[in-house]
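Visitor: Please take one part of this model and go through it closely. I would like to know where it sits and what surrounds it.

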Amino acid sequence: MLTWAQKYPKLSITDTKRVTKYYRQLRAEVQAEQSYLVQLPSPVTGLALRAILNTDWKDTYLTIGQDTFRIQGEEHETEGLAHNLSVLLVWDVPIQGFILHSGQMSGDMLISLFNAQADKSSHPVLRQERSDKDQLSCQKPSFISQEEWRSGLPAPSYQRAITQVNHVIIHHSATFNSLTDYENVVRNMYLFHTQDRGWSDIGYNFLVAPDGTLFEGRSAGTQNVASDDIRGAHFCGRNSGTMGVCLLGNYNTATPTDAALATIVQVTSWKLDKEGLNPLATNNHPTNRNLGVVAGHRNGCATECPGENLYARLEDIRLNTEQQIAKGCQEEPQVFNLHPVPSDGLLTITLPEADSLLTLEIINLQGKTLSLPVESDNLGQFVIATQNLPAGSYIVRLTTLEGILTRKISVE
């Protein structure tokens, strides 16, 4: 008996599926506005709840000791389910019981349990070496492969579907921001997707930890394909043409770290350069006729993902991606000056070399090139009339003899 929970009635639970060392599912009957002691048959590192359709999760939570864990609805691929599904809850250290506060949840409930530490073989030193290693923007980033982080868990076995990627979709996992065992988080997500959701593999192509560590998501297995070209399960059931990148954590409440954002830019720069895609542009997609080449999950689906704070950084991710692609393997990109910033009607651009400019473009954040009057003094200065532009942010892109240069500007 959990001594801190003795005053609560014990919830009666029964197994519903064949039990394995890494997954089991329990069934229980609950009443609204009740608190129950839930003692688990064995330690777990993660769980998810299912309840009847239209369940409101806002007053449902778990307590373990003095800690409270709020339940939220699952944001990914919930269409067509015969029940409401919660987000995945993950703990660094296994738990074996909790108090369930049902809130508005009532009737039949399923508890899916995951033991991601079953036969786990971690590689903390290897992870640190990989996350610290300097990378060139033109190279594929190094990562922890699925075969490494999945060690001890069942391998996916299916015929991978290949897709031509036109969009990189950014997600968040909505897991707790206090977690530090990132392999454990990814392993729990893999079990949630494959054992509980019934998917053939983890839904994302890549996953990024707050410390910048990059994990391979879907694995090519023995097939002779690239994992970034494998169709995932992350975008409203319309996954063709997309590659999913998931940042671990909940970015409605947390702010993405610089290390994590830098890794995302490494991934997008490598992939979009490989595919010849403009990160500032849009392409047609069944969910959105003008879906950004770099887009958030919410741009095509009814979801909060990737969270307000990460979604607010997508513009920076696009711009930094284009700068990395333009930079290529060069160690020092050419620079140019802009004034005044923000522009109040006339924007002056000064280049280090007057005769190096080939083209000058002003691009809005939807990727459209705008036609604006430009005057030149033949001394490396170009004056653009911006007074007719709506207030907001734009991209200045210069194609020079040395390469492509970009800067973001604001127009008042």
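Guide: S227 is buried, because its relative accessible area is 5%, and buried here means under 20%. This is a predicted model, and what follows is computed from it. S227 belongs to the loop that runs between β11 (214-216) and β12 (242-247). With neighbours within four places in sequence left aside, the residues in contact with S227 are K140, N205, F206, E216, R218 and A220. For E216 there is a further detail: its side chain and the side chain of S227 make a polar contact at 3.0 Å.

The loop of S227 leads to β12, so the strand comes next. β12 is largely enclosed by the rest of the structure, because 6 of its 6 residues are buried. Its side chains point two ways: T242, G244 and C246 go to one side, while M243, V245 and L247 go to the other, and all are buried.

β12 also has partners. One is strand β9 (residues 167-172), which pairs with β12 in the parallel sense over 6 bridges. In this pairing, G244 of β12 has I169 opposite it. Another partner is strand β10 (residues 206-208), which runs parallel to β12 and is joined to it by 3 bridges. Here L207 is the residue opposite C246 of β12. F206, listed above as a contact of S227, falls within the residue range of β10.

β9 leads on to another loop. A174 lies between β9 and α3 (182-196). A174 has a phi near 65°, which is a positive value in a residue other than glycine. A174 counts as buried, because its relative accessibility is 10%. E33 makes a useful comparison. Its phi is near 55°, again a positive value in a residue other than glycine, and its place is in the loop between β2 (23-30) and β3 (35-51). E33, however, is exposed, because its relative accessible area is 53%.

The residues on either side of A174 in number, S173 and T175, both appear in the lining of the largest cavity. That lining also includes E74, H76, V87, L88, M189, F192, H193 and Y204. By class, the lining residues are 5 nonpolar, 4 polar and 1 charged. The space in this cavity is about 90 Å³, and the search of the whole structure finds 2 cavities of 30 Å³ or more.

Two places further along the chain can be added. C305 and P306 are joined by a cis peptide bond, with omega about 10°, and P306 lies in the loop between β15 (294-296) and α5 (308-311). T350 is in strand β17 (residues 346-350). Its C-alpha atom is separated by 5.5 Å from that of G380, although the two residues are 30 apart along the chain. Not counting residues up to four places away in sequence, T350 touches F336, N337, H339, G380 and Q381. With Q381 there is also a polar contact, side chain to side chain, at 3.5 Å.

For the setting as a whole, the protein chain has 6 helices and 23 strands. Of its 412 residues, 52% are buried, and S227 is one of the buried residues. Among contacts with a separation of 6 or more, 74% are between residues 24 or more positions apart.

Note on methods
Residues are numbered from 1 along each chain as its sequence is written. This is a predicted model: local features need pLDDT of at least 70, side-chain atom pairs count only at pLDDT 80 or more; totals for chains, interfaces and linings use all residues. Side-chain values use heavy atoms; hydrogens and water are left out. On a 1 Å grid over the protein atoms alone, a cavity is a set of points where a 1.4 Å probe fits but cannot get out, and a pocket is an open set with protein on both sides within 12 Å along at least five of seven lines; lining residues have an atom within 4 Å of a point. Grid points are joined across faces, edges and corners, and a volume is the space filled by probe spheres set on the points. Ala, Val, Leu, Ile, Met, Phe, Trp, Tyr, Cys and Pro count as nonpolar, Asp, Glu, Lys and Arg as charged, and the others, Gly among them, as polar. Helices (H or I, at least four residues) and strands (E, at least two) are DSSP runs, numbered from the N terminus. Buried means under 20% relative accessible area, exposed over 50%, partly exposed in between (1.4 Å probe, protein chains only). A polar contact is a pair of N or O atoms within 3.5 Å; within protein, one must be able to donate a hydrogen and the other to accept it, and residues adjacent in sequence count only if both atoms are side-chain atoms. Contact means heavy atoms within 4.5 Å. Two strands pair if DSSP finds at least two bridges between them.
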